[in-house]
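Okay, thanks for coming, everyone. I'll put the structure up and then walk through a few spots in it.

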Amino acid sequence: MMVIIFVSVAGFLVYRYHANQRRYLRTLTRSIYDTLQPSSDTTAGSFLQTAPTNDKGFDRTSTSEFVFNEYNNKERNIYARVHIRKMKKYQQAKKNSIRTTIKHEKQIYSNTERVMNHIPYPPAHLLTVKEIFGTSDKPNLSLLLQHLEAEGRLQLDAALTIMIRGRELTAREPNMLEISTPVTIVGDIHGQFFDMLKMFEKGGDVASNRYLFLGDYVDRGQFSVEVVLYLWAVKIAHPDTFFLLRGNHECRNLTVYFTFKDECLLKLGDVFYEECMKSFDCLPIAALVQSQLFCIHGCLSPEIRQIREITDLDRAMEPPTKGPLCDILWADPTDSYDNEKLDQRYEMFTHNGPRGCSYNVSYKAICKFLDDNDLLCVIRAHQVQSAGCKMYKKHEKTLFPTLVTIFSAPNYCEVYKNRGAILRYDGSVMHVFQYKWVKHPYVLPNFLDAFRWSIPFVLEKVTDML
């Protein structure tokens, strides 16, 4: 492979050298032609007019001899020779000037030091179980956060310990959590670790604030492993005030199709990925806040009329393509939700074409579910919002929004330019906090290294030369 690249680069340099020579020759020929200015359409004039496109068998000596043999006027010959000398001196002076400028601007870089000295090296040391946990059952969150923020990685045993201990806690939790207020509700994260840190700045310290996450921690972003490790570590440190629900991306099908599995294989290996899937299977699927807010990732299911029916579901599995578990993770409100009226005839549940599964839920279906269960509002995630949060049509009786979508991944997929948002509920009032995205370390597409990423460009140049 290295031989192919060396031959390709050498061929490219030779090609560029001859191209520069031909470019210089065409410039010289045009200058001679402009100087001589023949009065009639002579052979030499015709030749010189077509000469700039003649790249083969044409050099400075033969051109000059041809011109001076055709036009043997002594004065013109002398003038042409003087002009050629001046032209050569001018071009040489120009080259010297360029070389001098380049020499002054050129900076010599060491092959043992970083070009950008103000950017520190990523930590080469892998955190161990002893460093993270020490002699305690609780992880050292400040050490872990500092290490992950600097793009550091963990030993496989340390990463597995975090996931296993977190799974043991979530597996003991019921399908539907009951959470008191005040609480901060967080939507999709999608592997945007550094934006998640900005979110924690808005929401407050995890040690003194209650958090509820609505799922979709992985895929799309390039730092899903860091997101999962930190959130599971916080769950271990604060099991009674930090809660994690399952989203539709916490499954095997989507993590293989998108980026999470590739990221796991790159950073920690297949064993870690399989442990993540086991942990995702154990996540709760719903939460009830202060007996008022029903929180899920997707939306309602026509098969669930009373919230107590959720406790009977078997959640420890790969989500199916239909049924109540699928709907809780995949359903959406209808596009005409805000324009619907209760006295009009609408289908309460229609097929969700864009998703390819589950349902679109109508305003009438949401109102009926809230009335039957004596609830105030449904809080969900699952859909990107330009403002980070969207409050849907109010209930005619309570005058409170029947449905709220919260999305916490700003500049989703690095193209949407949307804001991220979190929702804080104190028992009577909802407060929405918005934030913009932050800069993060650049990662090549599909987690490629620089060598593999450059191969298509090298092959393209080689084929151009051939």
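**Salt bridges, strands and a few odd angles**

Let's start with a charged pair: R252 and D281 make a salt bridge, and their closest N and O atoms are 2.9 Å apart. R252 sits in helix α10, residues 252-257, while D281 is in helix α12, residues 270-281, so this pair ties together parts that are 29 residues apart in sequence. Before I go on, keep in mind that this is a predicted model.

How exposed are the two ends of that bridge? R252 is partly exposed, with 27% relative accessible area. D281 comes out at 10% relative accessibility, so D281 counts as buried.

How many salt bridges does the structure hold? Eleven. I'll pick out two others.

One is E263 with K267, where the closest N and O atoms are 2.8 Å apart. This one stays inside a single element: both residues lie in helix α11, residues 260-267, four residues apart, which is about one turn of the helix. Buried or exposed, those two? Both E263 and K267 are buried.

The other is R355 with D332, at 2.8 Å from N to O. Here R355 is in the loop between β8 (349-351) and β9 (359-361), and D332 is in strand β7, residues 332-333, so the pair links parts 23 residues apart in sequence. On accessibility, R355 is partly exposed because its value is 28%. D332 has 4% relative accessibility, so it counts as buried. And going back to where we began, salt bridges with shared partners join R246, R252, D281 and E318 into one network.

Okay, on to the strands. Take β2, residues 183-186. Both of its faces are covered: V183 and I185 on one side, T184 and V186 on the other, and all of them are buried.

Who pairs with β2? On one hand there's strand β13, residues 420-425, antiparallel to β2 over four bridges. In that pairing I185 stands opposite L423. On the other hand there's β3, which runs parallel to β2 and is joined to it by three bridges. There, V186 stands opposite F213. To get from β2 to β3 the chain passes through helix α8, residues 193-203, and this β-α-β crossover is right-handed.

While we're on β3, have a look at L212, which sits in that strand. L212 is buried because its relative accessible area is 0%. Which residues does L212 touch, once you leave aside neighbours within four places in sequence? The list includes V183, T184, I185 and V186, which are the β2 residues I just named. I179, F243, L245, A287, V289 and C295 are on the list as well. If you like C-alpha distances, L212 and T241 are 29 residues apart in sequence and 8.3 Å apart in space.

Next, backbone geometry, for those of you who check torsions. There's a cis peptide bond between T181 and P182, with omega about 0°. P182 is in the loop between β1 and β2.

Then there are two positive phi values in residues that aren't glycine. D216 has phi of about 60°, and D216 is in the loop between β3 (211-213) and α9 (224-237). L399 has phi near 55°, in the loop between β11 (389-391) and β12 (403-406). Buried or exposed? D216 counts as buried because its relative accessibility is 1%. L399 is exposed, with a relative accessible area of 60%.

Let me add E173, in the loop between α7 (156-171) and β1 (176-179). At 12% relative accessibility, E173 counts as buried. Its side chain has a polar contact of 2.5 Å with the side chain of K235. Apart from neighbours within four places in sequence, E173 is in contact with K235, P239, F243, P284 and R315. F243 is a name you've heard already, from the L212 contacts.

Last item, and this one comes from a record. UniProt, in an unreviewed entry, places the feature "domain: Serine/threonine specific protein phosphatases" at residues 245-250. In the model that span is 0% helix and 0% strand, and its end C-alpha atoms lie 10 Å apart.

That's my tour, happy to take questions.

Key
Residues numbered from 1 in each chain as written. Predicted model: local features only at pLDDT ≥ 70, side-chain atom pairs only at ≥ 80, totals over all residues. Heavy atoms only, no water. Helix = DSSP H or I, 4+ residues; strand = E, 2+ residues; numbered from the N terminus. Buried < 20%, exposed > 50% of the residue type's maximum accessible area, 1.4 Å probe, protein only. Polar contact = N/O pair within 3.5 Å; in protein donor to acceptor, adjacent residues only side chain to side chain. Contact = heavy atoms within 4.5 Å. UniProt positions renumbered as here; feature names shortened; annotations may be inferred. Salt bridge = Lys/Arg side-chain N within 4 Å of Asp/Glu carboxyl O. Pairing = 2+ DSSP bridges. Right-handed = clockwise from strand over helix to strand, strands pointing away.
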